[in-house]
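Let's take a relaxed walk through a two-part protein model. Have the sequence and the 3D view open, and look up each residue as we get to it.

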Amino acid sequence: MNLRWAVLFMFLLFIVESTIVPWLIPDALYGRLVPHFVFVFVLYSALYTGRHTALMLGLFFGLLQDIVFYGNMLGVHAFSMGLGGYLTGLLLERKRSPLLMALSIIGFASLLYDSLVYLIYKVFRIAQEPYAYFLIDSIMPSLFLQLGFALAVYIPARRLFEGSGKPSAGQEE
Amino acid sequence: MIGLIVFIAVMGFSLGKRDKLSWPENFIGDSVTFVQQWFYKPAGYIAGLFEDIRMMRDIYQENEQLRILASRYARDRITYNFLQQENERLKEELDFTERQKKMYQYRYVIAQVVAANLDPNNSAFKINLGSTDGIKPDMAVVSTDGLVGLVSRVFPLYSTVTPITELNPDSPNPRAISATVMDKEGKSFGIVEDYDKRTGMLLMNRIAENDPLAEGDVVITSGLGNVFPRGLEIGTVESRQVGDYGLTYTAAIKPSAKLDRLTEVFVVIPSETGTSGAAP
């Protein structure tokens, strides 16, 4: 039942990402700092619930992002988010992940996600800039934003996802 | 593996130009944007409040400038009225068809921005006008300062606007805007089709060698080709150099419109008779 709340909360985050966050970002970083708060939650669900939940959440919210901001093509974010969540789950689903472990995984996964999105756009010749420029200009600042957010929501997110999905995990606590 | 193939198929399919979207896309797009609009505007108001307090000092100067502009406008208006009457009389005498007369009559429809996407490769924002309001893909979107972007996808109640920073001649469906220079309308011509993210400049290509375009000139859309309306301000020329092949010139243009954190924009709708004959 907790998963329902998680989805609702993630939807709210998705809304906030594109409405309130643009007003909070300083001028110099506008267009470079990209919030992926929903993706951070997808990763938490991969770490603490399971890879299949993460895959479904990633596909769903990725597709939502794709459709709502349909500029060039569909499916980019759905693919990257789903894959990111699934791979993370595959690697670390059964292990216990303390704070530092979770944060570093989220950092790496965010890098992977941004790079994957960039790569897809590059293949379809929508992105023009070389990867090195994009990495410094946008991915790196965004990474810190994601890490900061992940740290802020670590405890509530962990509670939310550890209780949901796998009933066995909930009983152990 | 199957997932990969499916996704590549979806991406390829959705890449091209589509005038109509399917109903699930319409439904999801519209309902989510409906929720988004409750958040974007209040946040904007609060941010704007702080901005206003900071800007208080500049207002006095701005007021003075506006007064000078207003007096100039009053003078120009008299001349404009005479010229317009003259022009209309000449058109009557030369037997212009109804379509030709309406070619340059545009309707400016105000739209509220309801959400903005921060993804640097696909920056876009949503406006609260859709196909039910007569919006079509590739319509120009302007703010009070100048050209902002082009409508990219149209949902029934909302539509997505791609800012001019996304112009890219290499992309699968490139958009190019024919442009000219204010006060040298007949003599200058170029095509704005590229944006350099590193310098923040629009690039205007294919300028002839003997073109009078110079630094500081104001670039406007020329309306040639009838895809984009004419007379929309794009930006000012920052520099001019020899283009890629040495035959033409390329100018770097600083966009005059603010492209981030917009709240209100105008969609330029050409008159019906004008577009039906001019569709490419």
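## A walk through the model

R206(B) is partly exposed, because its relative accessibility is 47% (buried means under 20% relative accessible area, exposed over 50% and partly exposed in between, using a 1.4 Å probe and protein chains only). You'll find R206(B) in strand β8, residues 201–207 of chain B (helices, H or I with at least four residues, and strands, E with at least two, are DSSP runs numbered from the N terminus). R206(B) is not a glycine, yet its phi is positive, near 55°.

Before going on, some housekeeping. This is a predicted model, in which local features need pLDDT of at least 70 and side-chain atom pairs count only at pLDDT 80 or more, while totals for chains, interfaces and linings use all residues. Residues are numbered from 1 along each chain as its sequence is written, chains are lettered from A and ligands numbered from 1 in the order in which they are written, and side-chain values use heavy atoms, with hydrogens and water left out.

Chain A has a positive phi to show you as well: R125(A), not a glycine, has a value of about 60°. R125(A) sits in the loop between α6 (99–123) and α7 (131–152) of chain A. With 49% relative accessibility, R125(A) is partly exposed.

**Where the chains meet**

How many residues does each chain bring to the contact? Chain B brings 51 and chain A brings 49, where contact means heavy atoms within 4.5 Å. About 4400 Å² is buried between the two chains, and carbon and sulfur atoms give 64% of that (buried area is the accessible area, with a 1.4 Å probe, that two parts lose on being put together, summed over both). On the chain B side, L118(B), N121(B) and R261(B) lose the most area to chain A, together 19% of what that side buries.

Across this interface the rule finds 0 salt bridges (a salt bridge is a side-chain nitrogen of Lys or Arg within 4 Å of a carboxyl oxygen of Asp or Glu). The rule does find 13 residue pairs in polar contact there, both residues being at pLDDT 80 or more. A polar contact is a pair of N or O atoms within 3.5 Å; within protein, one must be able to donate a hydrogen and the other to accept it, and residues adjacent in sequence count only if both atoms are side-chain atoms. Among the elements giving two or more residues to the chain B side are α1 (2–15), α2 (23–55) and β1 (106–117) of chain B. α2(B) gives the most, with 12 residues.

**Salt bridges within the chains**

Over all chains, the structure holds 7 salt bridges. Here are three of them:

| Pair | N to O distance |
|---|---|
| D137(A) and R32(A) | 3.0 Å |
| E86(B) and R89(B) | 3.4 Å |
| E93(B) and R89(B) | 3.0 Å |

The pair in chain A links distant parts of the chain: D137(A) is in helix α7 and R32(A) is in the loop between α2 (21–24) and α3, 105 residues apart. D137(A) is buried at 18% relative accessible area, whereas R32(A) is partly exposed at 26%.

In chain B, E86(B), R89(B) and E93(B) are linked in a network of salt bridges. Why are E86(B) and R89(B) separated by about one helical turn? They are 3 residues apart in helix α3 (residues 58–93) of chain B, so about one turn separates them. E93(B) and R89(B) are 4 residues apart in that helix, also about one turn. E86(B) is partly exposed at 40%, R89(B) is partly exposed at 41%, and E93(B) is exposed at 53%.

**Two serines to look up**

Is S45(A) buried or exposed? S45(A) is buried, because its relative accessibility is 0%. S45(A) lies in helix α3 (residues 37–48) of chain A. Not counting residues up to four places away in sequence, S45(A) touches G50(A), A54(A), L57(A) and F161(A).

S123(B) is in the loop between β1 and β2 of chain B. At 16% relative accessibility, S123(B) is buried. Its side chain makes a polar contact with the side chain of E166(B), at 3.2 Å.
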